[in-house]
Amino acid sequence: MSTAIEVVDVSKRFRMYKERNQSLKASLMRGRRAKYDEFWALRDVGFEIPEGTTFGLIGENGSGKSTLLKCLARILVPDTGNVRVNGSMAALLELGSGFHPELTGRENVFLNGSILGLGKKDIESRFEEIVDFAGIEQFIDQPVKNYSSGMYVRLGFSVAINVDPDILLVDEVLAVGDASFQAKCMEKFADFRTAGKTVVIVSHAMGSMRTMCDHAAWLEHGRLVASGPATDLVDSYIDKTHTDRPVEEAVHETGRHGSGEITVERVELLDGADESVSSFRTGEAMSIRVHYRAHQTIERPVFGLAIETIEGTYVWAYHSRDGGLDITSVSGDGFIDCTVPRLPLQPGTFDLTASAVDWTTQHTYDLRRHITRFDVEAGEPRESGGIVAMGATWSPIKGDA
Amino acid sequence: MIADLANVRTRELLANLTLREVKGRYKRTALGNLWSLINPIATMLIYTVVFGYFMRVQIEPSPTGLDVFALWLMCALIPWGFFAAALQTGLGSIVANANLVKKVFFPREVLVASSVFALDVTTAIELGVLMVALMLFGQMVLPWLPMVLVLLALLTLMALGFALVLAVANVYFRDTEHFVAILLQIWMYATPIIYPFTYVVRAQESLNVWLAQWDLSFPLTTLWELNPMLHFTQAFRSVLYEERMPSTTDLLWCVGSAAVALTIGWYVFKKFEPRMAEEL
């Protein structure tokens, strides 16, 4: 397999000005240009991106991912080392940059296309496809300043993706548009990969990185921690960053309401050994302990729990009435456990909502949205991606080998 | 630049960006592109009233017998107006497109070039109207059209050279544009546009009479002749107003200063281009 991009010992230094002086006076007064501290955004980073693979750059904010991507895109020039690129390249760093608000969508397609390196004939032949993909046929002759922000980025994405380079660089732009447009984007990326083209992605959405990428490089403070197959790298990255996170940070509650006869005091997450923890592995036992306080005697209360992903996808809900539990009455302090024998969630971060309601579930005593947050790390079963781990199995093929 | 411009895509990008400038400039104005005519006509009226009637600037009639201050003025003022505007928009073009420079890789000089070339479009219209006016006054300017275009091309290249250096300077020091605004004002009055060069000759004579008491003299006209815009405006005036070939000196100055300015501009721009994205 040949190499699409070769990164050789790349270092990039930024100047952090003590006083950003862009005035001639300040500069003359000081004799020379402003004093500055040096800051190495990248330090001796080297790896290869094989042709035809989808390559992820992972790391925390400020680790140098975007700087590296800009070096690959030739927007920034490395101070040492170099980047060798085989093939044509296009970068999706910001969608619709270079659109002129007063010009029409049509004029901007041609303008933006030529900025991205497309010839006039290429754009003409792909024009229908570009407009079609963005889904803005009826507005194409309107000035883009009248576009909604969604239409704006959709058109920008559509032009960029239709540049059809050998190598595509993508920076966190996958999250544009509504669900159906996102699905179309994903399809386009898939086409891209099946066509044997190379894609380099920077993203914080570890779930999609794990499934989309074949290979990855992990950066930390401008240095390369590791590069290799994406699955292993993403897992060890998630493990590492989650252990680094302080436990007490878990205050993410986003809403609370209710009449207050019963209050949910706190929620504890327990592992199989009844130890209070904030992260689990896929397949481990988990108990959710809801501590309540009944300020008066309440008959037949119902306790409810719900889990959402950090992105807000509703994953699961269960309340004690559906669980066949008819509590005669409660008064004073107490707790109730809800036990999951084998946690069927894939690695990720989840928010838990707890509530106390009456038997009809129509009256809320107390509801605390996102009262606690927990992480799931890779465990068993280890499946490729998504939210749930179903413990599925593949059977051997039936048919001719 | 030769290598870059040989690239079809770069040429297309340059054409598209130029078109963007031209189309975007007067969008949402009721008079639209008429503004590119109204502006010079307004300037012409102001200068003609102030300098032609109140101050009584004396010009020599052309060999063809034409003696109209407004036309004489515009033959030099239109090229100057182009040069000044090219410097001012060209120097701001990188900073104005910071967003693009930081997000997309493409040859950055096309930003400067497109803003200068976009002005060529309006200047060509202005010169066209001037030539029609000259013809109404009985001048036979049409045979000189190719020469006018050659001069405009040379002036464009010189303006581009200046704009490239200033655009780089403006990335590092935003004072540049304010500084240049003042410089252009001085430069305009240092160029015989609203007064004939004979005024400078006369000023030198009286200056030297005064300096003679200390046995000194000052080469004021020589100093004036170091200004490339003097030669450009003289060349335009020769062709349009006097209907004769510009002097060899003027032509050599035009070609020479265009070549020198563009070479230096290109060299400076290419030297600083790689770091532009992070300095913005």
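The following paragraphs describe a predicted model with chains A and B, covering its confidence, one helix, backbone geometry and internal spaces.

In this predicted model, local features were required to have pLDDT of at least 70 and side-chain atom pairs were counted only at pLDDT 80 or more, whereas totals for chains, interfaces and linings use all residues. Residues are numbered from 1 along each chain as its sequence is written, chains are lettered from A and ligands numbered from 1 in the order in which they are written, and side-chain values use heavy atoms, with hydrogens and water left out. The model has an ipTM of 0.75 and a pTM of 0.74. For chain B the average pLDDT (the predictor's confidence in each residue, from 0 to 100) is 90, and 98% of the residues score at least 70.

In chain B, an unreviewed UniProt entry carries the annotation "domain: ABC transmembrane type-2" for residues 31-272; such positions are given in the numbering used here, feature names are shortened, and annotations may be inferred rather than shown by experiment. This span is 76% helix and 0% strand, and its end C-alpha atoms lie 40 Å apart. Helices (H or I, at least four residues) and strands (E, at least two) are DSSP runs, numbered from the N terminus. Helix α4 of chain B, residues 69-96, has 28 residues, which at 1.5 Å a residue should span 40 Å, and the 38 Å between its end C-alpha atoms agrees with this; the expected span is 1.5 Å times one less than the number of residues. A bend of about 30° occurs in α4(B) at Cys75(B), with a proline, Pro79(B), following within four residues; the bend is the angle between axes fitted to the seven residues ending at a residue and the seven starting there. Because 21 of its 28 residues are buried, α4(B) is largely enclosed by the rest of the structure; buried means under 20% relative accessible area, exposed over 50%, and partly exposed in between (1.4 Å probe, protein chains only). Leu184(B), in helix α8 (residues 176-190) of chain B, also counts as buried, at 6% relative accessibility.

Chain A holds several backbone features of note. Most residues other than glycine have a negative phi, and most peptide bonds are trans. Asp9(A), in strand β1 (residues 3-17), nevertheless has a positive phi of about 45° and is partly exposed, with a relative accessible area of 46%. Asp44(A), in strand β2 (residues 36-50), likewise has a positive phi, near 45°, and is partly exposed at 46%. The peptide bond from Glu380(A) to Pro381(A) is cis, with omega near -5°, and Pro381(A) lies in the segment after β18 (364-377).

Internal spaces were then examined. On a 1 Å grid over the protein atoms alone, a cavity is a set of points where a 1.4 Å probe fits but cannot get out, and a pocket is an open set with protein on both sides within 12 Å along at least five of seven lines, lining residues having an atom within 4 Å of a point. Grid points are joined across faces, edges and corners, and a volume is the space filled by probe spheres set on the points. Two cavities of 30 Å³ or more were found in the whole structure. The largest cavity holds about 80 Å³ and is lined by 13 residues, with Ala91(A) and Glu94(A) among those nearest its centre. The second largest pocket has a volume of about 640 Å³, and its lining of 27 residues includes Leu116(A) and Phe105(B) among those nearest the centre.
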